[in-house]
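Visitor: Could you walk me through a couple of spots in this model? I'd like to see the reasoning as well as the result.

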Amino acid sequence: MVKLNIYTKAFFLTLGIFIIGLFIGMNVEKLIGSDLLKRSDDVERSIQEIELEMLYFQTLNASYSCDFLNEIVRETNNNLDDLSDRLSSYSEDNILFWKSDVEDQKKKYTYLLIKDWLLQERIKIDCGTKTVSVLYFYKRKECGDCIIQGNILSILKNSFREKLMVFPLDIDVKLSMIDILIKRFNITSTPSLVIEDNLYQRIVSKEELNDIVCDILPGNITACS
Amino acid sequence: MIQTIFYFFASFIGIYINMWLLLQIFEKKSQFLKRKMTKKLPKVSVLIPACNEEASIEEALDSVLGLDYPKNKVEVIVIDNGSTDNTSKIVQKFKNVKLIKQKKPCKATALNNGLKLATGKLIGILDADTLVTKDCLKKTVGYFDDPKVGAVTNLIDIDTKKGFLAKMQNIEYLFSALTKRVLSLLGSMYVTPGTLSLIREDIARNIGFSDDTLTEDMDIALSILKRGYKIVNSLDAVVYTKIPMNFKKLTEQRIRWYRGFIENSLKHRDILFNKKSSHLGYFIIPISFIAIFIGVLVSIASFNQFVNDITLFSRSILYISLSDQASLFLIGIPNLISSLLSSYLFIFFIFVFSTSFAVLYFSLKFFGRANRINTILLPVYMLGYYFLIMVYWVFALFQELFRWRKKW
């Protein structure tokens, strides 16, 4: 007859260890959730600030304080990049208990990103700011080329800094605005780049992208020389 | 989601096996080195099948003939099974060694032929690449005082510890020796290797050695258990075996062993969930298969991920220079770490890893061998060597599945 004693003891010990693991994981998830929430709140606040500034200047017919706005925009972009990094490092596959929270944060991030892009386009017109905006449409899953394109953009962002504004949009995020943009720019595949209204539906190499950005940007830019 | 559930299940099984082993080790540590000496010294016929063993047969024979055991009670029979080298000539130099020549290079047939000539009450099976210690026979024959004992095996040590592969196998053999002792105390020792394992003569003749599986030592052991006899493992009777010193030989050996394990488990499937077989049929064989299945799936998934990464990298270098790739990697390290730390997979991997480490460490400690192993090598063994072993299991499984030609 099988001696159940050790089998049962081993089972309860394993169960104990397993519960500890789940508990640690749950708390890590909770921390991730609150970290994301804090970061997206920061970004939202910056965007609201830009909106308020613009509304103030428009309503009172005062002239824009472009330097001031550009500074807030720069800060907002940095926060958005940070949030994007955080979001991309947390794979949905690893989230068990707070999945919907993280998904909500991803939606919110995309929403803020689009809002930020629109505000920046507006500031570019009103203030004549010389920056290049890149709308980058990608898919998180089953798109190896998106990883390559994302890496190329990261390298270029490092050399052009605030002169190059990249807005990475995950086409799988369920947001009506994403569908509107996909229709508007006629996106049929990923990766796709929209650079100042021109569409590139393929991997755009570092050199080619560098040339495109340098053609748009006036003056002597270190990255272009 | 399926992937997450699978990894949870795999971790649970991994931790459970480790906990079970740890509890067994703690509970049975006092019985590990229990000796069983006797005044009765029965005649032992040592059968040595040898195929092209000119490099090692002489040393093996010297060690057997040098056993601290009455000379008239040790009968040595070498069965040259199809050698094309000087094995027979070397054996003929030993006057008190009987030599049988057979053309078929089959170990099971060789052992059966040896049995025909054997006159001992106990049959010892010795591979030609194994050396025995002087007192090893005296330390094992005592177990046969118990009429329920059908066979006795020894502690297998390796002949060299030099080189990385030998160091890894050293840990493996020490751990395996302890596992065998635990299995033996549970009446579930399921292999009688060719390291001077002793089998009662009447049982050996009744069962005989069969060549329908790649590992006749597991086949006969399971048959002994099925007949209601016990197989005991002695931890203080030491034999030294030659180990594969390169990956090619290790691959051949392991694939043969693991295919043999699968074949024998299928051949003796009546042992599964059989009341007579208790621990072996209810837990050890089923859990081994579950663990192998998990290991095989993890290996395939890791290999698939590796191929995907390589494909992506080779496509990526068409667009991004190596220096840019390196700087991207460095920039991405913090993200990689936070991604890793936030994954359940990582948390449970740490648990499986640390419990495995504890099992290995305590088993070697209770065994009095912890000082013989460099502790730093244990993680290397668990991360690198385990994975290699799983790869061999994948090959063995596929070879069995597609019925590849057997290679003894």
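Here are some questions and answers on a helix pair and a domain contact.

Visitor: Are α1(B) and α10(B) parallel, antiparallel, perpendicular or oblique to each other?
Guide: Bear in mind that this is a predicted model. The axes of α1 (residues 2–28) and α10 (residues 278–316) of chain B come within 10 Å and cross at roughly 135°. Because of that angle, the pair counts as oblique.

Visitor: Which class of residue makes up the contact of α1(B) with α10(B)?
Guide: On the α1(B) side you'll find B:Ala10, B:Ile13 and B:Ile17. Facing them from α10(B) are B:Ile287, B:Ile290, B:Ala291, B:Ile294 and B:Val298. No polar and no charged residues take part, so to speak of class here is to speak of eight that are nonpolar.

Visitor: And is the crossing of α1(B) with α10(B) left-handed or right-handed?
Guide: Take the same two helices, with their axes at roughly 135°. The way α1(B) passes α10(B) is left-handed.

Visitor: Over in chain A, which helix gives the largest share of the side of domain 1 that touches domain 2?
Guide: Chain A splits into domain 1 (1–129) and domain 2 (130–225), and 14 residues of domain 1 are in contact with 14 of domain 2. On the domain 1 side, α2 (66–89) and α3 (99–127) each supply at least two residues. The largest share, ten residues, comes from α3(A).

Visitor: How many charged residues does that side of domain 1 of chain A have?
Guide: Sort that side by class and you get four nonpolar and five polar residues. The charged ones number five.

Definitions and conventions
Residues numbered from 1 in each chain as written. Chains lettered and ligands numbered in written order. Predicted model: local features only at pLDDT ≥ 70, side-chain atom pairs only at ≥ 80, totals over all residues. Axes fitted to C-alpha atoms, helices over the stretch in contact; angles between N-to-C directions. Helix = DSSP H or I, 4+ residues; strand = E, 2+ residues; numbered from the N terminus. Parallel < 35°, antiparallel > 145°, perpendicular 65-115°, else oblique. Left-handed = near helix turned anticlockwise from the far one by under 90°. Contact = placed C-beta atoms within 7 Å. Nonpolar A, V, L, I, M, F, W, Y, C, P; charged D, E, K, R; others polar. Domains from an automatic or database assignment.
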